[in-house]
Amino acid sequence: MRAKISYALTAAVLVVYFVLVGSRGVLLIKAGTLLTVTFGVAVLILPVIGVWFLWKNTQFVRDANRLAAELDAEGGLPVDTLRRLPSGRIDRASADEVFALRKAETEDAPDDWRSWFRLAVAYHDARDTPRARKAMQRAIALRKTAS
C-alpha cells in the first residue's frame, strides 16, 4: 500500500510540475518574438513527453498489478523463499538460484504469461530492473493475446 501512495504522490507532484512548466511555455509564446515563441514551443514539448511517459508507466503498473491479482487468485504467485542479509536485502546467491529455476521454467513454456511474470519477479530480485521490466512487458503482451 505504501508503494501505491508513493506512486500517486509522485504522479501528483509531476502533474503540478507539468502544469507549471506548460504555463511558462504559454507565457513565452504570448510574448510574441521569434526567440520566445521558439523557446515556448520547446518548453511545451517537455510536459507533453512527461505526461506520455507518466501515462505509459501508469498503464504498465496497472497491467502488472492485474496480472499479479489474477496469478494470486490461481495460487500461482511465486513464494518468497529467498535468504536475506542482516540489512534485509536479498542474498545475491539465493536470488541467482531462484532465477535459474524461473529461467528454465520460462524456456519450457515460452508462451505462458505466468512463467514470464515469475521470471520478471526473479529478475527484480536479482536486481536486474531493465530485464525485469521487459519480462513483465512480455507477460502483459502474452496475457492480452490470450484473452
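The protein chain has a radius of gyration of 21 Å, while a compact globule of 147 residues would come in near 15 Å. Keep in mind that this is a predicted model. Lay the chain along its principal axes, and its C-alpha atoms fill a box of roughly 65 × 40 × 25 Å. As for what it's built from, count five helices and zero strands.

**Overall layout**

- Walk along the sequence and you get the pattern α-α-α-α-α.
- That fits the tally for the protein chain, which has five helices and zero strands.

**How α1 and α2 pack**

- Two packed helices are described by the angle between their axes and the distance between the axes.
- Helix α1 covers residues 2-31 and helix α2 covers residues 34-74.
- The axes of α1 and α2 come within 7 Å and cross at roughly 160°.
- Angles over 145 degrees count as roughly antiparallel, so that label goes to α1 and α2.
- As for handedness, α1 and α2 make a left-handed crossing.
- What sort of residues make up the contact of α1 with α2? They divide into 19 nonpolar, eight polar and just one charged.

**How α4 and α5 pack**

- Further along the chain come helix α4, residues 113-125, and helix α5, residues 129-146.
- Their axes lie 8 Å apart, and α4 and α5 pack at an angle of about 165°.
- That angle makes α4 roughly antiparallel to α5.
- Here, too, the crossing is left-handed: that's how α4 and α5 meet.

**The largest pocket**

- Now for the open space: the largest pocket has a volume of about 830 Å³.
- There are 21 residues lining the largest pocket, and the ones closest to its centre are F60, V61, A64, N65 and H124.
- Which helices each supply at least two residues of that lining? They are α1, α2, α4 and α5.
- The largest share of the lining belongs to α2, with eight residues.
- Sorted by class, the lining of the largest pocket has twelve nonpolar, five polar and four charged residues.

**Worth holding on to**

- Both helix pairs described here are roughly antiparallel: α1 with α2, and α4 with α5.
- Those same four helices, α1, α2, α4 and α5, each give at least two residues to the lining of the largest pocket.

Technical notes. Residues are numbered from 1 along each chain as its sequence is written. This is a predicted model: local features need pLDDT of at least 70, side-chain atom pairs count only at pLDDT 80 or more; totals for chains, interfaces and linings use all residues. Side-chain values use heavy atoms; hydrogens and water are left out. Axes are lines fitted to C-alpha atoms, for helices over the stretch in contact, and angles run from 0 to 180 degrees between N-to-C directions. Angles under 35 degrees count as roughly parallel, over 145 as roughly antiparallel, 65 to 115 as roughly perpendicular and the rest as oblique. A crossing is left-handed if the near helix is turned anticlockwise from the far one by less than a right angle, and right-handed if clockwise. Ala, Val, Leu, Ile, Met, Phe, Trp, Tyr, Cys and Pro count as nonpolar, Asp, Glu, Lys and Arg as charged, and the others, Gly among them, as polar. On a 1 Å grid over the protein atoms alone, a cavity is a set of points where a 1.4 Å probe fits but cannot get out, and a pocket is an open set with protein on both sides within 12 Å along at least five of seven lines; lining residues have an atom within 4 Å of a point. Grid points are joined across faces, edges and corners, and a volume is the space filled by probe spheres set on the points. The radius of gyration is taken over C-alpha atoms; the globule rule is 2.2 Å times the number of residues to the power 0.38.
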